[in-house]
Amino acid sequence: MPAVDPPYAFLAELTHRCPLACPYCSNPLDLARAASELGTADWGRIMREAAELGAMQVHLSGGEPLARRDLETILVDAHRAGLYTNLITAAVSLSEARLDRLAGAGLDHVQISLQDADAPAADWVAGMQGAHARKLRAAAAVRARGLALTLNVVVHRHNLDRIEEVIELALDAGAGRLEIAHAQYHGWALANRAALLPRPDQVRRAMAVVAAQTARLRGRMAIDHVLPDHMAVRPKACMGGWGRRFFVVTPDGRAMPCHAAATIPDMVFPSLRDTSLREAWGRSEAFQRFRGTDWMPDPCRSCERREIDWGGCRCQALAMAGAAAATDPACALSPAHGRMAAAVAAAGNEDFRPRRF
Ligand code: SF4
Ligand code: FES
């Protein structure tokens, strides 16, 4: 077996519990119940094992990680292990007192998700009255403590036309970085795809707005935004390549190469309850299957971009082309590429299904 490079970062999905109901949630449709969640000591061990393996960063996520009463203890363990800690939160329940405790436990960075710049629209998508105002108060509290702040807005058909307002809001909130992320069509977003996919003219206009604003705000606020897969001709290196830079730990302790990997039906993921992270990362079949380039079919196998995009996204290949080992349909060289445009053409202003247990 060839030597495997260490991971750079990982997503610790501490829980699937969440007070919000965003229809593009990256969690699986089959949400993990609280009773199946890993305990505090398990997470502490995973933080130490990850750092020993070479990981530099942990993204503490969910669901809503604040739903874990032991988040402070998990943070202390991550911080002591030497990991840079990023809390990814909806922030509607983030009190000033809790923020003080989290900062005291070693929190380095906070990423707050916003749904929109328009409060009623944001609350509608989040499924909670007053959520938007709470998030803005939490963002102000983060900045008041001198913690680094990123705002993240998932964009879709119902908010993309307010991209200027989103950028102004992030600037006013003092964010150092704004991530404008197109919904990734796995899990809940895939179930709601027909209601969420934006029109091509919306995407083109947003790209132009973001380009102009990125230039205007250089040195004040960084903006991340890339062309969504449904309008691309080449895929992105999903997760930086399967099992190359990144892994996910689910609330019940399974180690996976990406957050949607459980949609691949014949794949068994190592449980970190009884498998070391080193074993899971380095030797498990799940992490090996699409690592590198040996697994690739044509046209990827002979393509000059195969070590740039690593064949794109396995979960999107499964969802759109019917096989996880197929070429990502975001690539114009994929025989299934036409299905991406067909999905856009089939989308409309329909209702979405909120994320619920
Ligand atoms: Fe990437 Fe494969 Fe398309 Fe080449 S053929 S650009 S490797 S997805
Ligand atoms: Fe699973 Fe892209 S989300 S490989």
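A residue counts as near a molecule if its C-beta atom, placed from the backbone, lies within 6 Å of it. By that rule, 14 residues surround ligand 1. The model is predicted. Its strands include nine that form an open sheet with mixed pairing, and its largest nonpolar core has 100 residues.

**Ligand 1**
- The closest residues to ligand 1 are Cys 300, Cys 303, Arg 305, Arg 306 and Cys 331.
- By class, the shell around ligand 1 contains six nonpolar, five charged and three polar residues.

**The sheet**
- The nine strands follow the order β7-β6-β5-β4-β3-β2-β1-β8-β9.
- β7 and β9 (255-256) are the edge strands, each pairing on one side only.
- Strand β1 (residues 9-13) is mostly covered, with four of its five residues buried.
- Five bridges join β1 to strand β2 (residues 57-61) in the parallel sense, and Leu 11 stands opposite His 59 in β2.
- Strand β8 (residues 246-249) pairs with β9 in the antiparallel sense, over two bridges.
- Val 248 has Met 256 in β9 as its bridge partner.

**The nonpolar core**
- Nonpolar side chains tend to be buried together in soluble globular proteins.
- Within the largest nonpolar core, the residues with the most contacts are Phe 10, Leu 151 and Ala 170.
- Leaving aside neighbours within four places in sequence, Leu 151 is in contact with Ile 112, Leu 114, Ala 139, Ala 170, Ala 173, Ala 175 and Leu 178.

**Helix α4**
- In helix α4 (residues 119-126), the buried residues are Ala 122, Val 125 and Ala 126.
- These buried residues line one face of α4, because they fall within an arc of 95° when seen down the helix axis.
- Among the elements that cover the buried residues of α4 are β4 (109-114) and α5 (131-144).
- Gly 127, just after α4, has a positive phi of about 75°.

**Helix α6**
- Helix α6 (residues 163-172) has Ile 163, Val 166, Ile 167, Leu 169 and Ala 170 as its buried residues.
- Seen down the axis of α6, the buried residues fall within an arc of 160°, so they too line one face of their helix.
- The buried residues of α6 pack against β5 (148-155), β6 (177-182), α9 (200-216) and β7 (222-224).
- Ala 170 is one of these buried residues and also one of the core residues with the most contacts.
- Just after α6, Gly 174 takes a positive phi of about 80°.

**Backbone exceptions**
- Most peptide bonds are trans, and most residues other than glycine have a negative phi.
- The bond from Gly 62 to Gly 63 is cis, with omega near 10°; Gly 63 lies in the loop between β2 and α2 (71-81).
- A cis peptide bond also runs from Asp 298 to Pro 299, with omega near 10°; Pro 299 is in the loop between α11 (285-288) and α12 (314-321).
- Ala 91, in the loop between β3 (84-89) and α3 (96-104), has a positive phi near 70°.
- A residue is buried if 20 or more other C-beta atoms lie within 10 Å of its own; Ala 91 has 24 such neighbours and therefore counts as buried.
- Trp 310 is not a glycine, yet its phi is positive at about 55°.
- Trp 310 sits in the loop between α11 and α12 and is buried, because 26 other C-beta atoms lie within 10 Å.

Conventions:
Residues are numbered from 1 along each chain as its sequence is written. Chains are lettered from A and ligands numbered from 1 in the order in which they are written. Ala, Val, Leu, Ile, Met, Phe, Trp, Tyr, Cys and Pro count as nonpolar, Asp, Glu, Lys and Arg as charged, and the others, Gly among them, as polar. A residue is buried if 20 or more other C-beta atoms lie within 10 Å of its own, exposed if 12 or fewer, and partly exposed in between; C-beta atoms are placed from the backbone. The arc is that of the directions from the helix axis to the C-beta atoms. Two residues are in contact if their C-beta atoms, placed from the backbone, lie within 7 Å. A nonpolar core is a set of buried Ala, Val, Leu, Ile, Met, Phe, Trp, Tyr and Cys residues joined through C-beta atoms within 7 Å. Two strands pair if DSSP finds at least two bridges between them.
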